[in-house]
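I pulled this one up to go through its sheet and its nonpolar cores. My notes follow, in the order I looked things up.

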Amino acid sequence: MTVSRFTLTGLSVLEGAAALPADDLLGIWELNAPQTTAFAAVAEDAVATSSPAGAVEPGLIWRAELPASRGEAKSELEARLAAARVRQAYLEAAEKRLSDLQMGLGYSAQTADAESALLAEVMALRGSAVAYGAGDAGAISLLHLYEQCEALVARFRRLVQHYARVETSVGGQPVALTIVDWSGDHSVTWQDGIGPLDMALHMDSVRLVLATRQAWLRLISVVASGALSLSVKASVPGGQFLLFPAVYRFVRDVLAELEQVQVNQEAPG
Amino acid sequence: MAESDLRLAIEKFAKDLAAKAESFVEDISTLEVRTFTTPSAEIATLAGGELDLADPTLARQLQLRAYTKIDFDCDTTICLPVDNNDQVDRSVWDMHQTMVMQALKTRESMLKSMGTALTSALDALQRVAG
């Protein structure tokens, strides 16, 4: 294996998951990607043979599949760890912008696209351009909003419910797996005779998963408190629920915007 | 799906979060780290499933090599890995110590996260009430 893959499985089984984009807001993990490693093949086989459908809710499994070159693997993990830290900082910026949003101003007066899009949605919700179904073109589909919102809540709930299970393979060979409990208890299983380089790679994989989980938990609090305070500011009936997806999209837009600024700053010339 | 379904979903999530916060306060009073090793031919078979040590098949595959328990008041229990000559197995011990440090950092950051989440929730509730 020459290319790294960072995958998270277990979110596809969520009811209503199709209503949400299948991407990690932080841009670090592939969600529900098809699996190719020895670890994954065995795991999927085990699930297929031992778990009747719907009997047990499968947990979340984070897999870092790293290339045989330890140097490349280390660089890739370091880059993603750095990206996770940067995205955490972007979340703080998104929360600040959410809190600074002015309801009194027309949304054309708000400088950024993300703010304009969010305010447009707030205004539509506050007005009458809301339809229950999807048939009324141009109106916000209430049904679609509910589906998105319920899927978001389910995704967040699953994150909170499950511990982190981290599996690392290097050059296609499984090397270690770690289960991190909600309270921080660790159970680590190492392959016999593992070398220090592979050990360090697995440790970095665990750090990356924990940094991601922290950022996602932060995201929950930014979206939930943002939707609640915006619903009060904008006097949208039921807004604390209906604004959930809109605020989620706002945060995603802000993250994408800040990412683009960073890319532009780093571009030569 | 209707607003009442969504409301129920959010209420369920809020209850789960509250239950987690409650169990977190209980669980955080101790920190446990276990280090196992397994033959290289068998590690792949552990993928995806539960690490239930009561399972005899699994118990045969895994060898507990080191264990640390740290109470909130810093009382610490440590089981050291030794080799056939009763000498401390340095390689396993080093791996285990690294994980203990990682676990302590994780617990610290989880405490901060829970604090931030609760502060945000209280802030939001105050805004609604105000």
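Which residue in strand 3 of chain B is the bridge partner of B:K69? I looked it up, and the partner is B:T77. Bear in mind that this is a predicted model.

Next I checked how those strands pair. Strand 2 (residues 63-71) of chain B runs antiparallel to strand 3 of chain B, with 4 bridges.

Then I traced the whole sheet. It is open, has 9 strands with mixed pairing, and its order is 2(A)-1(A)-3(A)-6(A)-7(A)-8(A)-1(B)-2(B)-3(B). At the edges I found strand 2 (30-31) of chain A and strand 3 (76-79) of chain B, each pairing on one side only.

I looked at the helices on the sheet, too. Helix 2 (residues 70-100) of chain A lies across strand 1 (5-9), strand 3 (61-66) and strand 6 (164-170) of chain A, at about 55° to strand 1 of chain A. Helix 5 (residues 196-234) of chain A also packs on the sheet, and among the strands it touches are strand 7 (173-180) and strand 8 (186-191) of chain A. I noted about 145° between the directions of helix 5 and strand 6 of chain A.

Last, the cores. The largest nonpolar core has 78 residues, and those touching the most other members are A:W29, A:W62, A:L118, A:W190, A:L243, A:V247 and A:V251. Helix 5 of chain A gives the largest share of this core, 17 residues. I also found a second, separate core of 7 residues, including A:L177, B:F36, B:L46 and B:L58.

I went back to A:W62 for its contacts, which include A:W29, A:L159, A:V209 and A:W216.

Methods. Residues numbered from 1 in each chain as written. Chains lettered and ligands numbered in written order. Predicted model: local features only at pLDDT ≥ 70, side-chain atom pairs only at ≥ 80, totals over all residues. Heavy atoms only, no water. Pairing = 2+ DSSP bridges. Helix = DSSP H or I, 4+ residues; strand = E, 2+ residues; numbered from the N terminus. Contact = heavy atoms within 4.5 Å. Axes fitted to C-alpha atoms, helices over the stretch in contact; angles between N-to-C directions. Core = buried A, V, L, I, M, F, W, Y, C linked by side-chain atoms within 4.5 Å. Buried < 20%, exposed > 50% of the residue type's maximum accessible area, 1.4 Å probe, protein only. Lists of a residue's contacts leave out its neighbours within four places in sequence.
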